[in-house]
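Reader: I'm new to reading protein models and get lost when I try to take in everything at once. Could you pick one spot, look at it closely with me, and then lead me outward from there?

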Amino acid sequence: MLALLGLCTIALLLAVILTKRMSPLVALIVIPVAAALIGGFGFDTGKFVLAGLQSLAGVVGMFVFAILFFGIVSDAGMLDPIIDRILARVGTRPTRIVPGTTLLALLIHLDGSGAVTFLITIPAMLPLYDRVGIDRRVLACAASMAAGVNFLPWTGPMIRASAALKLPIPEIFSPLVPVQAVGLVLIFAASYWLGLREERRLALLPGAAGSAPGPATTARTLSDAERALRRPDRFWINIVLTAAVLGTMVLLAEKVPPALMFMLGTALALVINYPQVDAQRQRVDAHARAAILMASILLAAGVFTGIMQGTGMLRAMAQTAVTFVPPEMGRHIPFGLGLVSMPLSMLFDPDSFYFGVLPVVAEVAHQLGVPPVQVAQGALLGQMTTGFPVSPLTPATFLVCGLTGIDLADHQRFTFPFLLAASVVMTLACVVLGVFPL
């Protein structure tokens with residue numbers, strides 16, 4: 001009975017989210033509460049919800065203050081000299097321009113926002129691509145690879161995986177650091193190869209006309225409002241502050257909560273760059289919308305996971321599913337999930353997958369002796385990480401197409417193989433490096 005109720009709950013959740021009959025926020029709250037009441041749990045439902053919310057407090061706090069921190073230091077211009085230096089270095093050689101695009105997108109994606117990455121990278125590089133004659137699909141692909149492989153502790157998929165399985169983020173992320181390094185090497189190699197292919201197509205190889213590196217041919221233009229926010233004299237202190245926050249979070253995650261580091265970092269960034277109280281309030285207001293939107297989704301997910309676990313529906317579903325999985329195949333679940341996680345981005349939006357599908361897969365794996373953290377890591381190798389820039393279920397994909405002026409189908413056909421290759425290579429790296437058993 002519980003297994004059937006849980007299956008119907010998840011199926012209904014996926015259906016209303018994927019068909020856009022309900023927003024994820026509404027669906028994650030209303031559907032599980034209704035299921036708990038139908039299952040006869042009555043006022044115990046409130047206890048389940050409260051347990052789910054309490055388990056997510058640290059994750060929500062980290063995500064909110066990570067958005068505020070990176071927004072504030074970006075407003076102050078911390079990335080400006082780095083971006084301008086990259087633009088000045090790339091010249092007119094595609095073998096410099098395309099890897100330079102990847103590096104630029106990688107740095108901008110430190111705030112974890114794919115939309116912001118594309119909004120800054122593509123307009124900055126597009127005039128140069130058009131002037132040299134490089135295929136715009138290459139620009140879309142380079143930016144997408146950088147944003148896709150750069151999954152960080154404060155990015156949406158990582159936060160969702162942690163929230164859905166109630167796992168500490170460092171436990172998920174730390175073993176994936178060398179795996180991500182393999183992915184970064186791959187995308188820079190792919191970027192260089194794309195640039196080399198464009199040089200050959202444009203007859204710009206050494207010895208051909210126009211092959212000299214030449215000076216930079218593009219520059220960013222800041223609006224008056226952006227210039228008013230810049231604090232170029234505090235560039236180095238912002239760099240040191242960012243390095244301290246990230247370094248402490250990665251190296252001392254077990255002793256210092258990540259949420260605390262981002263809280264302290266946000267407070268110091270405000271005091272250093274905008275000492276006036278009114279200016280501080282304006283900077284917080286400027287980034288509050290994004291922070292509150294994601295925090296509300298995470299809290300709603302706490303309602304869902306709290307009810308699914310508290311009622312026993314999740315466990316009952318897993319126990320039923322385990323009977324269909326040969327015990328000897330259980331240890332292969334993380335590896336198999338890693339291989340298919342990127343294509344799954346074309347079928348599931350992040351909320352429906354991480355909050356609807358992943359907990360069931362993780363519980364099945366747990367019943368077969370596989371740690372849930374490995375299931376989370378398998379999903380993160382592609383599901384809405386490398387997969388999000390080509391998924392029709394994310395606004396960022398249409399943003400890439402709109403900014404570059406290419407069709408969605410053209411972007412998907414060109415970029416999909418590179419993102420899938422990155423996901424598969426990182427999955428194999430997990431096996432080689434001992435993150436996954438095989």
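Author: Let's begin at Met384, which counts as buried because its relative accessibility is 5%, and the cut-off for buried is under 20%. Please keep in mind as we go that this is a predicted model. To find Met384, look in the loop between helix H19 (372-380) and helix H20 (395-404). What is the phi angle of Met384? It is near 65 degrees, a positive value in a residue that is not glycine.

Stay in that loop for a moment. Gly382 also belongs to the stretch between H19 and H20. Gly382 has a relative accessible area of 0%, so it is buried. Which residues cover it? Leaving out residues up to four places away in sequence, Gly382 touches Ser341, Met342, Ser345, Gly387 and Ser423. Take Ser341 from that list: 41 residues separate it from Gly382 along the chain, yet their C-alpha atoms are 4.7 Å apart.

Now step back from the loop into the helix before it. Val373 sits in helix H19, and with 13% relative accessibility it counts as buried. Its contacts, apart from neighbours within four places in sequence, are Leu167, Glu171 and Ile172. For a contrast in distance, try Val373 and Arg136: they are 237 residues apart along the chain, and their C-alpha atoms are separated by 38 Å.

Those contacts of Val373 bring us to another loop worth a visit. Lys166 lies between helix H9 (156-165) and helix H10 (169-173). Like Met384, Lys166 is a residue other than glycine with a positive phi; for Lys166 the value is near 55 degrees. Is Lys166 buried or partly exposed? At 28% relative accessibility, it counts as partly exposed, whereas Met384 counts as buried.

Helix H9 leads us on to the salt bridges. Across the whole structure, a search finds twelve of them, and three will do for our tour. In one, Asp351 pairs with Arg160, and the closest N and O atoms are 2.9 Å apart. Asp351 is in helix H18 (residues 350-367) and Arg160 is in H9, so this pair ties together parts that are 191 residues apart in sequence. Both Asp351 and Arg160 are buried.

Another salt bridge joins Arg283 to Asp75, with 2.7 Å between the closest N and O atoms. Here the partners come from helix H15 (Arg283) and helix H4 (residues 57-75, Asp75), so the pair ties together parts 208 residues apart in sequence. Both of these residues are buried too.

The third salt bridge is between Asp130 and Arg136, and its closest N and O atoms are 2.7 Å apart. You have already met Arg136 as the distant partner in our comparison with Val373. Asp130 counts as partly exposed because its relative accessibility is 38%, and Arg136 counts as partly exposed because its value is 28%.

Helix H15 is also our link to the next stop. The buried residues of helix H3 pack against H2 and H15 (277-310). H3 itself covers residues 44-55, which makes twelve residues. From its first C-alpha to its last it reaches 17 Å, close to the 16 Å expected at 1.5 Å a residue.

Which residues of H3 are buried? They are Thr45, Phe48, Val49 and Gly52. Looking down the axis of H3, you would see these buried residues fall within an arc of 100 degrees, so they line one face of the helix. A general rule helps here: an α-helix has 3.6 residues a turn, so residues three or four places apart point the same way. Turn to the other side of H3 and you find Lys47 and Gln54, which are exposed.

Let's finish on H2, one of the helices that the buried residues of H3 pack against. Val30 has its place in H2, which spans residues 24-38. Val30 is partly exposed, because its relative accessible area is 42%. Together with Leu25, Val26 and Ile29, Val30 makes a nonpolar surface patch of about 270 Å².

Key
Residues are numbered from 1 along each chain as its sequence is written. This is a predicted model: local features need pLDDT of at least 70, side-chain atom pairs count only at pLDDT 80 or more; totals for chains, interfaces and linings use all residues. Side-chain values use heavy atoms; hydrogens and water are left out. Patches are made of residues with over 30% relative accessible area and no salt bridge: like charges are joined within 9 Å, nonpolar side chains (Val, Leu, Ile, Met, Phe, Trp, Tyr) within 5 Å. Accessible areas come from the Shrake-Rupley method with a 1.4 Å probe; for residues, only the protein chains shown count as cover. A salt bridge is a side-chain nitrogen of Lys or Arg within 4 Å of a carboxyl oxygen of Asp or Glu. Helices (H or I, at least four residues) and strands (E, at least two) are DSSP runs, numbered from the N terminus. Buried means under 20% relative accessible area, exposed over 50%, partly exposed in between (1.4 Å probe, protein chains only). The expected span of a helix is 1.5 Å times one less than its number of residues. The arc is that of the directions from the helix axis to the C-beta atoms. Contact means heavy atoms within 4.5 Å.
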